[in-house]
Amino acid sequence: MVHIIHTVPRCPDDILDGFREQASATVHEAMGRKGALDPDIKPIAKGMKVVGRALTVKCHPGDNVMLVKAISMAKQDDVIVVDMGGLVKIGPFGEVLATECKAKKMGGLVFNCSVRDSAEITEMGLPVFSNGLCIRGTAKATLGTINHPISCGDQIIRPGDIILGDDDGVVVVPLEEAEAVLAASRARVAKEAGYIQRLKNGESAFDLYGYQALLDRLGCVEESI
């Protein structure tokens, strides 16, 4: 078995830059309400935004040696996504590793477990998303995989997929769908901008979206006035 794969597809920079302008909820909706990671995975500090190409890591529970290796491989704008094997209350990542990530200008990191040294990571401005905070350390004794498909936050993530996260949560966009999803996201933003202006002018969202027809189809009975 090949534990570590180096050859990974990478989306063009212009597509990745386009996603920097999008919100996680917009992309999730534009993609047909798909791709949202478990809502327990949130930024360790408000205002963080992560955008980049997935570099996937599967660690043995309680062991971070493959994470350390993955960080050594990471390139600018990569987002390391870590499956810690269901062990949530563990802190495999902290200030020391964050310093290397920041120096490499990585896009950020996403964990389905906890992290530590949150104050120091926040101060350096590295986007980190996790299930929480925990000071418990990890071993370095057991192999895992790098750049294989993994499960993180109830979503399958493959190396090279687009990762986008903000205060609302994290969404994964399959690489082969990235261009179409970006176009759909931009169209949704433009359409909603028109609706928002009409709402500011005093119209009702109920009327704008035609929800009376929906209630009629559902057989809703309303008291006569």
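1. Cysteines. The sulfur of Cys 152 has its closest cysteine sulfur in Cys 113, 8.5 Å away, which is too far for a bond. The sulfur of Cys 113 in turn has its closest cysteine sulfur in Cys 59, at 7.9 Å, again too far for a bond. A disulfide here is a pair of cysteine sulfur atoms within 2.5 Å, and the search of the whole structure finds zero disulfides. Cys 113 is buried at 0% relative accessible area, and Cys 152 is buried at 1%. Buried stands for under 20% relative accessible area, exposed for over 50%, and partly exposed for what lies in between (1.4 Å probe, protein chains only).

2. Basis of the values. The model is predicted: local features need pLDDT of at least 70 and side-chain atom pairs count only at pLDDT 80 or more, while totals for chains, interfaces and linings use all residues. Residues are numbered from 1 along each chain as its sequence is written, and side-chain values use heavy atoms, with hydrogens and water left out.

3. Overall description. The chain has eight helices and 12 strands; these are DSSP runs numbered from the N terminus, with helices being H or I of at least four residues and strands E of at least two. The C-alpha trace spans about 70 × 35 × 35 Å along its principal axes. Of the 225 residues in the chain, 43% are buried. Taking contacts between residues at least 6 apart in sequence, 75% join residues at least 24 apart, where a contact means heavy atoms within 4.5 Å.

4. Surface and charge. About 11600 Å² of the chain is exposed, and carbon and sulfur atoms supply 54% of that area. Areas come from the Shrake-Rupley method with a 1.4 Å probe; for residues, only the protein chains shown count as cover. The chain has 25 positive and 30 negative charges, and their mean positions are 4 Å apart. Lys and Arg count as positive and Asp and Glu as negative, with His and the chain ends not counted. Each charge is placed at NZ of Lys, CZ of Arg, CG of Asp or CD of Glu.

5. Salt bridges. Side chains of opposite charge can pair when their charged atoms come close. The criterion used is a side-chain nitrogen of Lys or Arg within 4 Å of a carboxyl oxygen of Asp or Glu, and the whole structure yields 10 salt bridges. One of them joins Glu 29 to Arg 33, with the closest N and O atoms 3.0 Å apart; Glu 29 is partly exposed at 29%, whereas Arg 33 is exposed at 62%. Another joins Arg 198 to Glu 203, also with a closest N to O distance of 3.0 Å. Arg 198 is partly exposed at 37%, and Glu 203 is partly exposed at 38%.

6. The Asp 77 network. Which residues are linked with Asp 77 in a network of salt bridges? They are Asp 17 and Arg 20. The side chains of Asp 17 and Arg 20 meet at 3.0 Å, N to O. Asp 17 is partly exposed at 39% relative accessibility, and Arg 20 is partly exposed at 33%. Asp 77 is buried, with a relative accessible area of 17%, and is found in the loop between helix 3 (65-73) and strand 3 (78-83). Beyond its neighbours within four places in sequence, the contacts of Asp 77 include Leu 16, Arg 20, Arg 53 and Lys 105.

7. Positive phi. Lys 105, one of the contacts of Asp 77, has phi near 60 degrees, a positive value in a residue other than glycine. Lys 105 is in the loop between helix 4 (95-103) and strand 4 (108-111) and is exposed at 56%. Asp 117 also has a positive phi, near 60 degrees. Asp 117 is in the loop between strand 5 (114-115) and helix 5 (118-124) and is partly exposed at 32%.

8. Helix 8. Leu 215 lies in helix 8, residues 211-217, and is partly exposed at 28% relative accessibility. Not counting residues up to four places away in sequence, Leu 215 touches Phe 206 and Cys 220. How far apart in space are Leu 215 and Glu 179, C-alpha to C-alpha? The distance is 36 Å, for a separation of 36 residues in sequence.
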